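Open your viewer and keep the selection box handy. We will go from stop to stop, and at each one you will be told what to select and what to look for.

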Amino acid sequence: MSSSSAVLGDLMVSLENPTVKWVAVGSAVTAGAYLAFKVSWFRKNPLHSFSGKTGAMGKDQVDGGIQSYNQFFDQENGKGVGDRILATPDFVNKFYSLITDFYEYGWGESFHFAAREVGESFEASIIRQETAIAETIGLKPGMRVLDIGCGVGGPMRNITKATGGFVAGITINEYQVARCNKLNQDAGVAHLTEVKEGNFMDLDKVYPKNSFDGAYAIEAACHASNTTALYEQVFTVLKPGALFSSYEWLRTDKYDKTNKMHVDAVDGIAEGNALPEVRTIQDCIAAAKEAGFEVQYTFDRATTGGVPWQAAMKSARRAAYLTHILTGILEFIRFAPKGTNDVHKMLLSAAVNLEKGGDHGIFSPMYLIVMKKPL
């Protein structure tokens with residue numbers, strides 16, 4: 001027997017040992033993750049993102065957090081969460097405690113989609129989507145506007161840099177407030193921004209009436225337990241004549257409630273993204289009018305661009321699946337908290353359903369509605 005054959009034989013025998021097998025697998029995945037990171041499949045170092053805790057949750061809370069989240073947002077037959085809907089804010093907070101690090105690591109600091117032009121980079125399309133909504137409310141230097149559901153502040157930073165206007169943000173999640181303040185400071189826009197922790201269903205408890213020159217929500221109002229109630233809160237804190245624009249997550253006219261694939265895909269979108277239900281543009285128009293707004297116009301930005309909005313998820317699929325393997329390994333060796341892999345599994349399922357919704361044109365994450373508070 002040659003020396004190389006002997007070495008190979010010894011290696012195969014060693015791999016029959018479960019401990020050796022796991023070490024080998026872990027080494028291979030870690031090496032793959034390193035390679036992926038070096039060639040920019042990932043936006044952040046995964047070892048920084050998944051060690052110690054997930055977002056605001058300590059190690060011992062992650063597993064219970066994802067289990068209770070899944071139970072609350074379980075949906076079927078297009079019926080939403082039903083009579084559990086009033087508890088939505090608590091579980092939206094839990095959702096962002098679980099997934100903020102995943103989102104920032106895999107997608108960037110702006111937690112939203114964008115339709116791209118051919119040849120346009122993902123990053124450029126994200127910024128264009130943000131500055132477009134700022135243009136709809138006429139943001140300029142000297143104005144003070146509200147970012148509803150600001151997350152870690154990616155849109156806020158890009159919008160202030162582009163317009164020179166002042167942006168105040170509100171998020172229900174304490175961890176995101178701290179993260180946003182740090183990133184604002186690092187970006188040199190702390191003087192043009194502020195962030196508060198609070199429930200956007202209770203804006204009048206956080207801000208004075210008639211205090212903002214405008215407001216926008218970028219794929220955040222979808223978390224509201226009641227769209228009319230949210231719009232009424234925005235109406236209260238806006239000055240007369242101010243504009244409010246929102247990118248809404250909605251079912252389109254192509255959605256067929258008798259088509260099981262349509263229903264399952266949209267239910268899956270809701271379950272994996274902390275939505276109590278998925279509404280329509282007609283629902284939003286009715287809610288705006290009931291809240292006292294004058295609807296200026298609506299437009300589905302998902303129908304624009306040469307590259308569909310869901311293409312970004314498809315192009316990131318290699319990194320997503322590798323991340324899933326990596327989180328499993330890190331959880332197995334107790335580097336990541338128990339439940340981390342389940343969190344990522346939930347996000348993978350949500351991505352698949354979002355792609356289906358986009359491919360079939362039954363769902364839009366960027367249906368624009370522009371409203372005005374009468375003088």
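A word to settle before the first stop: a residue is buried under 20% relative accessible area, exposed over 50%, and partly exposed in between, using a 1.4 Å probe and protein chains only. You are looking at a predicted model, in which local features need pLDDT of at least 70 and side-chain atom pairs count only at pLDDT 80 or more, while totals for chains, interfaces and linings use all residues. Residues are numbered from 1 along each chain as its sequence is written, and side-chain values use heavy atoms, with hydrogens and water left out.

**Stop 1: W309 and its ring partner**

Select W309, which is buried with a relative accessible area of 3%. Then add F113, also buried, at 7% relative accessibility. Rings of Phe, Tyr and Trp (for Trp, the six-membered ring) pair if their centres lie within 6.5 Å; planes under 30 degrees apart are stacked, over 60 edge-to-face, and the rest tilted. The structure holds 10 such aromatic pairs. In the pair F113 and W309, the centres are 4.9 Å apart and the planes stand at 65°, so this one is edge-to-face. F113 lies in the loop between α5 (88-106) and α6, and W309 in the loop between β7 (294-300) and α12 (311-315), so the pair ties together parts 196 residues apart in sequence. Helices (H or I, at least four residues) and strands (E, at least two) are DSSP runs, numbered from the N terminus.

Now widen the selection to W107, F113, F122, W249, W309 and F363, which form one aromatic cluster. Contact here means heavy atoms within 4.5 Å. Leaving aside neighbours within four places in sequence, W309 is in contact with residues including A302, L354, P365 and M366.

**Stop 2: the cores**

A nonpolar core is a set of buried Ala, Val, Leu, Ile, Met, Phe, Trp, Tyr and Cys residues joined through side-chain atoms within 4.5 Å. Which residues of the largest nonpolar core touch the most other members? Of its 43 residues, they are F113, L139, Y216, W249, W309, L354 and F363. Apart from this core lies another, of 32 residues, with F166, M201, L203 and A224 among them.

**Stop 3: helix α9**

Select residues 227-237, helix α9, where T227, T228, L230, Y231, Q233, V234 and V237 are buried. Show the surroundings too: the cover over these buried residues includes β1 (144-148), β4 (212-218), β5 (238-251), β6 (279-280), α11 (281-291) and β8 (363-372). At the N-terminal end, N226 caps the helix, with a side-chain oxygen 3.0 Å from the backbone nitrogen of T228. That is a polar contact, a pair of N or O atoms within 3.5 Å; within protein, one must be able to donate a hydrogen and the other to accept it, and residues adjacent in sequence count only if both atoms are side-chain atoms.

**Stop 4: around P374**

Move to P374, in the segment after β8. P374 is partly exposed, with a relative accessible area of 28%. P374 and P240 are 134 residues apart in sequence, and their C-alpha atoms are 5.7 Å apart in space. Beyond its neighbours within four places in sequence, P374 is in contact with F235, P240, G241, G292 and E294.

Keep F235 in view and add K373: the charged end of K373 sits over the ring of F235, 4.8 Å from its centre. For this, NZ of Lys or CZ of Arg must be within 6 Å of the ring centre and within 35 degrees of the ring normal. R251 has its charged end over the ring of Y255, 5.1 Å from the centre.

**Stop 5: T136**

Select T136 in helix α6 (residues 122-136). T136 is buried, at 16% relative accessibility. A polar atom of its side chain lies 2.6 Å from the backbone oxygen of I133. Not counting residues up to four places away in sequence, T136 touches L243, S245, Y297, L368 and V370.

**Stop 6: two cysteines**

Finish with C150 and C180. C150 is buried, with a relative accessible area of 4%, and C180 is buried at 0%. Why is there no bond from C150 to C180? The sulfur of C150 is 4.8 Å from that of C180, its closest cysteine sulfur, too far for a bond. A disulfide is a pair of cysteine sulfur atoms within 2.5 Å, and by this rule the count comes to 0.
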